Protein chains: 2
Amino acid sequence: MKSNTISLEHGAGGEVMQALIGEIILKNFHNKSAGSIGLECLDDGSTVRLEGFNKGCELVMTTDSHVITPAFFPNTNIGRLAVSGTVNDLTVMGAKPLALTCAVIVPEGFPLKEFEEIIKTMDKTAAEVGVPIITGDTKTMEKTALDSIILNTAGLGITDSPVRDSGLQPGDKILVTGTIGDHGISLMAHREGFDFDTDLASDSAPLWKLIEPLLKLRTPEGEPVITAMKDPTRGGLANALNEMAEKSGAGILIEEDWIPFKPAVSAACEMLGLDPLEVANEGKAVIGVKPGFEDEVLSILRQHPYGRDAAVIGEVTPDKKEVVLRNRFGGMRFVDVPAGDPIPRVC
Amino acid sequence: MKSNTISLEHGAGGEVMQALIGEIILKNFHNKSAGSIGLECLDDGSTVRLEGFNKGCELVMTTDSHVITPAFFPNTNIGRLAVSGTVNDLTVMGAKPLALTCAVIVPEGFPLKEFEEIIKTMDKTAAEVGVPIITGDTKTMEKTALDSIILNTAGLGITDSPVRDSGLQPGDKILVTGTIGDHGISLMAHREGFDFDTDLASDSAPLWKLIEPLLKLRTPEGEPVITAMKDPTRGGLANALNEMAEKSGAGILIEEDWIPFKPAVSAACEMLGLDPLEVANEGKAVIGVKPGFEDEVLSILRQHPYGRDAAVIGEVTPDKKEVVLRNRFGGMRFVDVPAGDPIPRVC
Ligand SMILES: Nc1ncnc2c1ncn2[C@@H]1O[C@H](COP(=O)(O)OP(=O)(O)OP(=O)(O)O)[C@@H](O)[C@H]1O
Ligand SMILES: Nc1ncnc2c1ncn2[C@@H]1O[C@H](COP(=O)(O)OP(=O)(O)OP(=O)(O)O)[C@@H](O)[C@H]1O
Ligand SMILES: [Mg+2]
Ligand SMILES: [Mg+2]
Ligand SMILES: [Mg+2]
Ligand SMILES: [Mg+2]
Ligand SMILES: [Mg+2]
Ligand SMILES: [Mg+2]
């Protein structure tokens with residue numbers, strides 16, 4: 001930890017945040033596990049095992065705060081982001097969402113109409129996956145103390161076979177459920193005032209219904225077809241792939257040309273000088289799939305509106321914990337862990 | 001809703017907040033229940049019923065954000081407050097805490113030493129009741145956008161007989177587990193710079209171990225001895241008693257002289273012109289007890305350090321949903337629902 005104070009990168013989902021969590025949070029929390037996956041796994045959520053409950057079944061808990069500004073952005077608002085974010089962390093743990101919480105912190109002077117619009121959007125987003133919002137909290141702050149509305153959603157889910165970040169095996173195929181970079185780039189374009197292209201919109205979406213059918217797939221040997229899963233939020237695809245490779249003790253080789261991008265996103269990236277691999281996605285999952293099953297998985301994903309652009313983007317390699325990108329000419333480069341997402345307050 | 005924008009009172013735990021929750025949140029959330037106690041009960045938490053789990057057992061979820069300023073105050077800091085607050089909402093639902101989440105939002109420039117101190121305090125407070133902190137989230141904001149650290153903790157608990165706010169029956173005794181007004185008044189005194197009296201300190205404490213033995217008590221007919229329970233946080237004892245009376249469809253008569261106050265708190269209240277019944281407590285519970293069992297309950301409470309000053313303060317009356325305070329001369333006055341806690345950002 002170089003500095004003595006918090007910097008924006010301490011909350012930006014990359015290497016700097018990981019150091020903070022490793023050096024301050026993991027070291028000081030002594031009791032941090034209630035099931036097979038505890039805080040120390042640093043997965044998208046953790047599990048809770050219940051005495052006397054169906055063997056093999058575990059609950060999953062997760063939480064995310066959302067501080068995105070502006071609270072309204074192309075197509076939707078912070079309410080959709082908050083519900084989707086927590087639904088997706090449960091989903092990529094392999095857990096069916098059972099209930100959400102809704103904690104709101106709002107500055108004085110915030111328009112009640114916008115407040116209501118955000119609440120309505122949360123309701124609609126939760127309805128897409130049928131999850132109830134059962135409890136919440138409302139705090140206010142002086143307008144000089146807080147600039148925009150903040151939401152926190154925690155989620156409870158249930159699973160009979162949790163999916164970890166660390167389950168990748170050499171040979172597994174790496175899939176993404178759709179185009180990469182949409183959320184972060186569209187937000188940046190919106191802030192800069194050139195989001196006239198309707199393709200530049202947040203991908204924010206709750207993925208449970210998209211992913212649910214995959215969780216039941218088994219190999220002839222009875223093993224889950226899905227070996228690992230993560231939602232590439234802050235720090236983007238670059239961070240998600242690195243975390244999965246590192247935790248799995250394997251490498252990942254990605255074919256640059258296979259990554260799906262919206263043309264508007266690629267164009268905006270050039271204009272803004274941003275790497276679409278390092279920015280947040282809010283309606284996508286990265287999935288490890290046992291080799292030979294990728295076509296079946298792809299065809300299931302593509303049947304759902306949120307999976308239309310799903311693609312195989314590479315595979316797991318045996319010898320290294322590194323992520324390598326190969327371009328169409330065969331040139332290779334490492335995909336580094338970003339220090340942090342280059343776009344501040346994107347979620 | 002008179003104004004078109006959020007005011008500080010919309011988050012102050014009284015009548016104004018209740019209107020916001022009733023008119024905007026309850027009306028717009030369509031799916032808000034996952035068990036026997038849903039959001040519409042507006043209790044300290046809600047329940048989740050699990051298929052195939054022990055009959056009668058339910059999970060409980062709750063969440064609270066903490067925006068208190070300053071983050072460090074006499075005796076402790078926001079970390080103790082956040083863990084205690086969520087443990088206490090589970091506790092007053094009659095639920096054993098199983099797991100907590102830890103979401104932090106921190107402004108750039110916040111000292112890392114203080115950040116670590118807060119995390120250590122969370123760890124220690126959770127250890128008092130043996131609850132693990134299993135998952136979390138860290139976001140940062142510009143120092144111009146947020147003035148102080150914010151914590152959100154969500155909690156998961158389990159119970160085989162949930163305790164509702166609405167369970168009061170005429171004749172039940174009303175108990176408090178200790179002195180009233182400590183948290184709010186000590187915070188205000190600290191802000192005003194006269195917290196030299198060491199008795200002026202926050203009561204922030206996790207109450208599970210104090211309350212746990214009460215939950216097993218049964219009448220000879222097999223009914224729970226504890227009929228209702230609430231932690232008198234924002235809006236203080238005045239708000240908690242009114243909510244319990246209203247939801248139970250009964251009245252409450254309180255004997256002013258029986259309410260335990262620290263002399264330093266009474267003195268500070270006079271100086272600051274504050275009503276100790278309207279300010280937040282962070283380590284207290286209000287308990288409805290079947291008549292005839294109050295002495296047993298008191299003696300159990302007083303064995304625990306957090307229950308030393310426990311007292312019977314009144315009883316439930318049949319005919320009204322109102323809360324009445326009787327002074328030593330027999331004079332009566334209504335205890336109104338406060339518009340909101342008079343001290344801003346106290347939790
Ligand atoms: N303040 C905290 N306390 C405890 N654990 C934390 C805290 N912040 C992060 N973590 C843990 O660190 C890991 C990474 O957190 P992170 O928020 O990046 O995950 P995520 O929610 O999947 O990503 P995102 O927040 O970008 O959606 C998770 O396991 C999380 O539980
Ligand atoms: N933003 C929200 N969304 C959904 N429900 C909410 C929201 N804010 C409050 N509630 C609900 O309103 C009720 C009252 O909330 P409140 O926060 O006052 O309870 P509490 O946590 O017991 O008190 P405190 O926050 O002072 O500790 C609870 O049932 C809570 O679930
Ligand atoms: Mg995640
Ligand atoms: Mg997340
Ligand atoms: Mg609350
Ligand atoms: Mg409460
Ligand atoms: Mg509370
Ligand atoms: Mg997170």
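Mentor: Let's start with the word donor: donors are N, O and S atoms within 2.8 Å of the metal (3.2 Å for Na, K and Ca), and water is not among the atoms, so sites may look incomplete. This is a predicted model, where local features need pLDDT of at least 70 and side-chain atom pairs 80 or more, while totals for chains, interfaces and linings use all residues. Residues are numbered from 1 along each chain as its sequence is written, chains are lettered from A and ligands numbered from 1 in the order written, and side-chain values use heavy atoms, without hydrogens or water.

Trainee: What makes D44(B), D89(B) and D231(B) donors to the magnesium ion (ligand 6)?

Mentor: Their OD atoms coordinate the ion at 2.0 to 2.2 Å, which falls within the 2.8 Å limit, so they count as donors. In sequence they follow the spacing D-x44-D-x141-D.

Trainee: How do you know that D89(B) and D231(B) tie together distant parts of the sequence?

Mentor: D89(B) sits in helix α2 (residues 78–92) of chain B and D231(B) in the loop between β9 (226–230) and α6 (236–248), so the pair links parts 142 residues apart in sequence. Helices (H or I, at least four residues) and strands (E, at least two) are DSSP runs, numbered from the N terminus.

Trainee: Why is K139(B) called buried?

Mentor: Buried means under 20% relative accessible area, exposed over 50%, and partly exposed in between (1.4 Å probe, protein chains only). K139(B) has 4% relative accessibility, so it counts as buried. It lies in strand β6 (residues 133–141) of chain B.

Trainee: What makes the link between the side chains of K139(B) and D137(B) a polar contact?

Mentor: The distance is 2.8 Å. A polar contact is a pair of N or O atoms within 3.5 Å; within protein, one must be able to donate a hydrogen and the other to accept it, and residues adjacent in sequence count only if both atoms are side-chain atoms. The pair is thus listed as a polar contact.

Trainee: How do you know that helix α2 (residues 78–92) of chain A spans what is expected?

Mentor: The expected span is 1.5 Å times one less than the number of residues. This helix has 15 residues and reaches 21 Å from first C-alpha to last, close to the expected 21 Å.

Trainee: What makes α2(A) mostly covered, and which residue caps its N-terminal end?

Mentor: In α2(A), 15 of its 15 residues are buried. The cap is N77(A), with a side-chain oxygen 2.7 Å from the backbone nitrogen of G79(A). Just after the helix, G94(A) takes a positive phi of about 80 degrees.
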